[in-house]
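This note sets out some points for a colleague who is new to the structure. Please read them beside the model.

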Amino acid sequence: MMIDVKNISFQFDQGNIVFDNINFRLSEGHIGIVGDNGVGKTTLINLISGRLLPQKGTISLEGKVKIVSQFNDWEDYHSPGELQLQRLKDAVFSNPDILLLDEPTSNLDKNGIKVLSGLIRHFSGIVLLISHDFDFLDSTTDNILLIENRRAELYEQKFEDFQLEYEKKRHKEFQMYEVQKKQKNQQRKSVQRLQEKSQRSKKVRGISNSDKKAKGLAGKYDKVQNRLATSAKNMRQALNDNHYDSKPFTKIGLKILNYYQNSGKISMQLSFSNVKVNENYLVNSPFKINIKSGHVLSLLGDNGVGKTSLLDKLFQKLDEKNVHVNYFHQNINQDWCSSIPLITQLMNKSGIREEIILEVAGALGVNREMLTRSPNKLSGGQLLKVQLILCLISAFDVLILDEPTNYLDYDGVVALTTYINDSKAALVIVSHDKRFIENVTTDVVVIENKTVVGYLTLQDYFNS
Ligand SMILES: Nc1ncnc2c1ncn2[C@@H]1O[C@H](COP(=O)(O)OP(=O)(O)OP(=O)(O)O)[C@@H](O)[C@H]1O
């Protein structure tokens with residue numbers, strides 16, 4: 001078995017270049033594909049599986065290939081995690097030589113992730129998997145393929161070591177940027193000094209350029225001034241030629257949003273007794289949930305216990321009480337019109353000014369150009385970010401987030417975590433992302449075996 005990628009270049013019709021001459025060869029191993037949302041991870045595995053064809057280069061494969069793509073049409077499934085695990089098991093048990101997986105842990109609970117990790121570790125063929133779940137990458141892969149700036153670079157090390165090396169590289173780039181910035185400032189000052197000197201020498205002669213022209217003296221004026229002007233021009237030119245990259249990894253942060261939202265103060269207790277999941281009751285006895293401004297309530301439990309049903313019920317109850325709720329969920333395809341640019345739709349849906357939307361979008365790594373596209377021209381993660389932007393910019397009293405970090409890249413998760421930690425609003429979250437939950441939660445409700453269970457700490461829950 002083997003994957004040989006030679007001189008591959010690929011771009012979408014509209015000229016969006018995704019890859020520019022990438023090369024790598026794999027004959028074994030489990031490889032994690034990492035990179036920001038929209039860099040081309042899905043495009044790469046679609047090229048390898050033959051779903052997309054490159055404009056340049058060749059991909060040679062030896063062995064049977066099986067691909068499990070991101071699945072976004074969860075509408076008919078009350079427990080997408082159960083379905084997701086089944087799709088993955090079917091793929092592994094079909095005995096391929098090369099397994100391509102796109103965000104396989106999305107929607108899986110901690111047990112599902114354990115099962116999947118075991119399946120992958122025991123799989124003897126080549127695995128190429130895209131994931132933003134660091135723990136999962138660490139436990140299932142031996143090499144990392146980083147997609148960045150239209151290139152693919154193979155690191156023959158585990159994710160944790162790769163991350164250390166990559167952070168060092170980013171740090172070095174940042175230091176170089178700072179040095180270049182200092183040098184450029186010094187050069188700029190020198191140019192300014194030369195220009196001032198040249199102007200002074202003009203004044204000394206007491207003749208302006210127009211006077212010289214009028215008197216037929218153009219071209220004959222002071223050699224010193226001429227030389228000074230030329231040096232200033234050369235230096236200015238050198239300054240412009242001496243490009244340095246834009247500031248590396250700028251993070252604006254999402255703090256600004258709280259200022260625009262003015263969430264109302266909420267403190268209420270809601271009772272639940274008859275929530276049904278697939279014709280069965282969610283829990284056997286009535287229970288209460290407290291929703292309070294400044295609190296982040298995490299609803300935890302395995303796939304299939306009915307967390308999304310509970311969120312739907314919660315949304316309904318709050319809505320009946322005229323509480324303004326924004327609800328982020330994964331079924332987003334029906335929310336966006338395919339023929340209108342996203343920025344127009346965001347403005348229409350939220351009533352918020354374009355510049356504010358762009359500021360928020362920028363903090364999540366979504367730029368103006370992406371928002372001028374229609375939804376089907378964005379990557380899965382980019383589109384989810386747009387959905388998240390809509391939930392964050394529109395005013396709300398309570399924000400419900402159902403699996404917000406699925407498909408979200410590292411910077412996106414950091415930005416969202418910071419936002420939640422700074423938020424004064426009431427938040428309710430369902431997520432299987434351990435790190436994210438640990439970083440944001442203030443209150444917990446765990447549902448197990450049709451009962452609301454109390455755990456002393458989150459650690460107890462995750463270890464159970
Ligand atoms: N049909 C399309 N037409 C034009 N551009 C597209 C299309 N599909 C994807 N793109 C763009 O191509 C780039 C690569 O997309 P791709 O889905 O491969 O990214 P990704 O790394 O898998 O992202 P994510 O982490 O969000 O899943 C993105 O900039 C995306 O906006």
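1. How far is an oxygen atom of the ligand from a polar backbone atom of Gly40? The distance is 2.9 Å, a polar contact, that is, a pair of N or O atoms within 3.5 Å. The model is predicted, with local features requiring pLDDT of at least 70, side-chain atom pairs pLDDT 80 or more, and totals for chains, interfaces and linings using all residues. Residues are numbered from 1 along each chain as its sequence is written, and side-chain values use heavy atoms, leaving out hydrogens and water.

2. An oxygen atom of the ligand also lies 2.7 Å from a polar backbone atom of Gly381. The protein buries 90% of the 640 Å² that the ligand exposes when taken alone (Shrake-Rupley areas, 1.4 Å probe).

3. Helix H1 (41-49) and helix H13 (380-393) are the elements that give two or more residues to the shell around the ligand; helices are DSSP runs of H or I with at least four residues, numbered from the N terminus.

4. The ligand has 22 residues around it, each with a heavy atom within 4 Å. Thr43, Arg373, Ser379, Gly381 and Gln382 come nearest.

5. For helix H9 (residues 307-320), 14 residues at 1.5 Å a residue should span 20 Å, and the end C-alpha atoms are indeed 20 Å apart; the expected span is 1.5 Å times one less than the number of residues. Among its buried residues (under 20% relative accessible area, 1.4 Å probe, protein chains only) are Lys307, Ser309 and Leu310. Asn322, which follows H9, has a positive phi near 60°.

Key: Buried < 20%, exposed > 50% of the residue type's maximum accessible area, 1.4 Å probe, protein only. Polar contact = N/O pair within 3.5 Å; in protein donor to acceptor, adjacent residues only side chain to side chain.
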